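Ready to practise reading a structure? Work through the exercises below, each with its solution.

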Amino acid sequence: MDRSHFLAKLIGPVCIVGGLGMLFNTAAYRAMFERALHDHMFIYLSGVIALTLGLAIVILHNDWKWHWPLIITIFGWLAVIGGILRMLVPQVVESYGLSLLSTPNFFTVDGGIALLLGIVLSYFGYLDPPRRSSRPRRR
Amino acid sequence: MEKSLTIARLVGPVLAAIGIGMLSNQATYREMAAQFLGGLPFIYFSGVLALVAGLYILNVHNVWTRDWRSAVTAIGWVLTCVGAFRIIAPQFANFIGTAIIANAGFFTGLGIFLVAAGGFITFRGYGT
């Protein structure tokens, strides 16, 4: 199993479960996010973990070729940038996050994107064997 | 076998330490659990970490044999299911958790179980 498939197997289901939660449990998610955004210590702690996981992904998997593992590389870099911002300026993350939450369809759009990404990553991670994806497309 | 040993060496001592903490410091653990269950963000966040850890174990170690290695796989499944439940419905995790910790013998029972399971897995991981 190569690194792309392994990381897709980890990230895909987490995105699917998070997306389902956002789509079908919106009221609880809104209350939870509002509470989390008012807690700077929580934002900082989530930043430490996001930065650590993001760096692990970027160090192990920094593939910028135009194929599906690019999603994982972008995911890793977003985690790095998000982690740094949360650690450096939690108050900015709070105000930006609260403005995002005030958008009426935020959880529908965000949950839909997370669910779609999760399905794509899980498909490639669990159903696409490494040999098939490494086969050259053009002769 | 190498992967089983590595996971056992990581997971075993963590479970045993949590179990010892529950048995020896029950009042603080009860208070800590009540605070944890009072905040949905922490339930959600712990769910994400549990799901990632569970999926990691299941992807590198999905072994069902008639020996101690099945316990490692079972831990992976428990972490995956608990993590998914906490992410999808954190308010129900809060509801169930509050009902469970209201039981007087909960921390004693879980503590004994975790010390036994953690000790067994640690013994297998470091003793093999």
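**Exercise 1.** Work out how many residues each chain brings to the contact.

*Solution.* Chain A puts in 18 residues and chain B puts in 17 residues; two residues are in contact if their C-beta atoms, placed from the backbone, lie within 7 Å. Next, look at the chain A side: α1(A) gives its largest share, 9 residues. Helices here are DSSP runs (H or I, at least four residues), numbered from the N terminus.

A quick note before going on: this is a predicted model, where local features need pLDDT of at least 70 and side-chain atom pairs count only at pLDDT 80 or more, while totals for chains, interfaces and linings use all residues. Residues are numbered from 1 along each chain as its sequence is written, and chains are lettered from A and ligands numbered from 1 in the order in which they are written.

**Exercise 2.** Find the buried residues of α6(B) and say how they sit around the axis.

*Solution.* Start with the list: Phe107(B), Gly111(B), Leu114(B), Gly118(B), Ile121(B), Thr122(B) and Gly125(B) are buried. They cover an arc of only 120 degrees around the axis, so they lie on the same side of α6(B); the arc is that of the directions from the helix axis to the C-beta atoms. Now check the other side, where Gly109(B) and Gly127(B) are exposed. (Buried takes 20 or more other C-beta atoms within 10 Å of a residue's own, exposed 12 or fewer, and partly exposed is in between, with C-beta atoms placed from the backbone.) Finally, the cover over the buried residues includes α1, α2 and α4 of chain B.

**Exercise 3.** Which residues does Ile11(A) contact, leaving aside its neighbours within four places in sequence?

*Solution.* Set those neighbours aside, and Ile11(A) is in contact with Ile72(A), Phe75(A) and Leu121(A).

Note on methods: Helices (H or I, at least four residues) and strands (E, at least two) are DSSP runs, numbered from the N terminus.
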